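I opened this entry to look up how the chain is put together and how its aromatic rings are placed. My notes follow in the order in which I checked things.

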Amino acid sequence: MECEIAIKDQEQQKPPTVGDLVVHQHDQNRGINCAGLVLECRGQECFVLWASATGSGGWYRRILLRVIKEAKPIDESSY
């Protein structure tokens with residue numbers, strides 16, 4: 001089961017960081033648009049939890065992940 005999402009074309013792509021919503025570029029090229037949440041980054045890899053029926057996750061190369069929604073910083077004064 002794929003997640004249908006609108007993907008913006010961006011000429012300058014920033015690397016994903018923790019909290020960003022991403023899609024994998026290879027999947028997107030094959031017509032599979034399933035978003036994932038970046039949970040951890042280390043070096044050139046990010047751990048992504050995919051919004052799929054299986055809820056699978058794994059480590060992926062940052063360069064192959066496309067950010068569709070950037071994470072917003074948490075305002076700690078609102079606690």
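**Overall layout**

I began with the contacts in the protein chain that have a separation of 6 or more, and found that residues 24 or more positions apart account for 46% of them. I note here that I am working from a predicted model. The chain holds one helix and five strands, and in sequence order I read the pattern as β-α-β-β-β-β. Of the 79 residues in the protein chain, 25% are buried, and the chain exposes about 5600 Å², of which carbon and sulfur atoms supply 51%.

**Strands E2, E3 and E4**

I looked next at strand E2 (residues 36-42), which runs antiparallel to E3 and is joined to it by six bridges; within this pairing Leu37 stands opposite Leu49. The two strands form a hairpin with two residues between them, and I noted a positive phi of about 60° for Gly43 in the turn.

On its pairing with E4, strand E3 is again antiparallel, here over five bridges, and Cys46 stands opposite Tyr60 in E4. Six residues lie between the strands of this hairpin, where Gly55 takes a positive phi near 60°.

I then followed the side chains along E3 and saw that they alternate: Cys46, Val48 and Trp50 point to one face and are buried, whereas Glu45, Phe47 and Leu49 point to the other and are not.

**The nonpolar core**

Which residues make up the largest nonpolar core? I listed seven, namely Val22, Val38, Cys46, Val48, Trp50, Leu65 and Val67. Strand E3 and strand E5 (65-69) each supply at least two residues of this core, and E3 gives the most, with three. For Cys46 I set aside the neighbours within four places in sequence and found contacts that include Pro16, Val38, Glu40, Gly58, Trp59, Tyr60 and Leu65.

**Aromatic pairs**

I found two aromatic pairs in the structure. Phe47 and Trp59 form an edge-to-face pair, with 5.5 Å from centre to centre and 70° between the planes. This pair links distant parts of the chain, since Phe47 is in strand E3 (residues 45-50) and Trp59 is in strand E4 (residues 57-61), twelve residues apart. Both rings belong to partly exposed residues, with a relative accessible area of 25% for Phe47 and 30% for Trp59.

Why is the pair of Trp50 and Tyr60 edge-to-face? The ring centres of Trp50 and Tyr60 are 5.4 Å apart and the planes stand at 80°, and because the cut-off for edge-to-face is over 60 degrees, the pair of Trp50 and Tyr60 is classed that way. Trp50 lies in strand E3 and Tyr60 in strand E4, so this pair ties together parts that are ten residues apart in sequence. Trp50 counts as buried at 10% relative accessibility, whereas Tyr60 is partly exposed at 25%.

I also checked Trp59 for charged neighbours, and the charged end of Arg42 sits over the ring of Trp59, 3.7 Å from its centre.

**Leu64**

Is Leu64, in the loop between E4 and E5, buried or exposed? I recorded 19% relative accessibility for Leu64, which counts as buried because the cut-off is under 20%. Leu64 and His24 are 40 residues apart along the chain, yet their C-alpha atoms are separated by 5.9 Å. Beyond the neighbours within four places in sequence, Leu64 is in contact with Val23, His24, Gln25 and His26.

How values were computed: Residues are numbered from 1 along each chain as its sequence is written. Side-chain values use heavy atoms; hydrogens and water are left out. Rings of Phe, Tyr and Trp (its six-membered ring) pair if their centres lie within 6.5 Å; planes under 30 degrees apart count as stacked, over 60 as edge-to-face and the rest as tilted. Helices (H or I, at least four residues) and strands (E, at least two) are DSSP runs, numbered from the N terminus. Buried means under 20% relative accessible area, exposed over 50%, partly exposed in between (1.4 Å probe, protein chains only). A charge sits over a ring if NZ of Lys or CZ of Arg is within 6 Å of the ring centre and within 35 degrees of the ring normal. Contact means heavy atoms within 4.5 Å. Accessible areas come from the Shrake-Rupley method with a 1.4 Å probe; for residues, only the protein chains shown count as cover. A nonpolar core is a set of buried Ala, Val, Leu, Ile, Met, Phe, Trp, Tyr and Cys residues joined through side-chain atoms within 4.5 Å. Two strands pair if DSSP finds at least two bridges between them.
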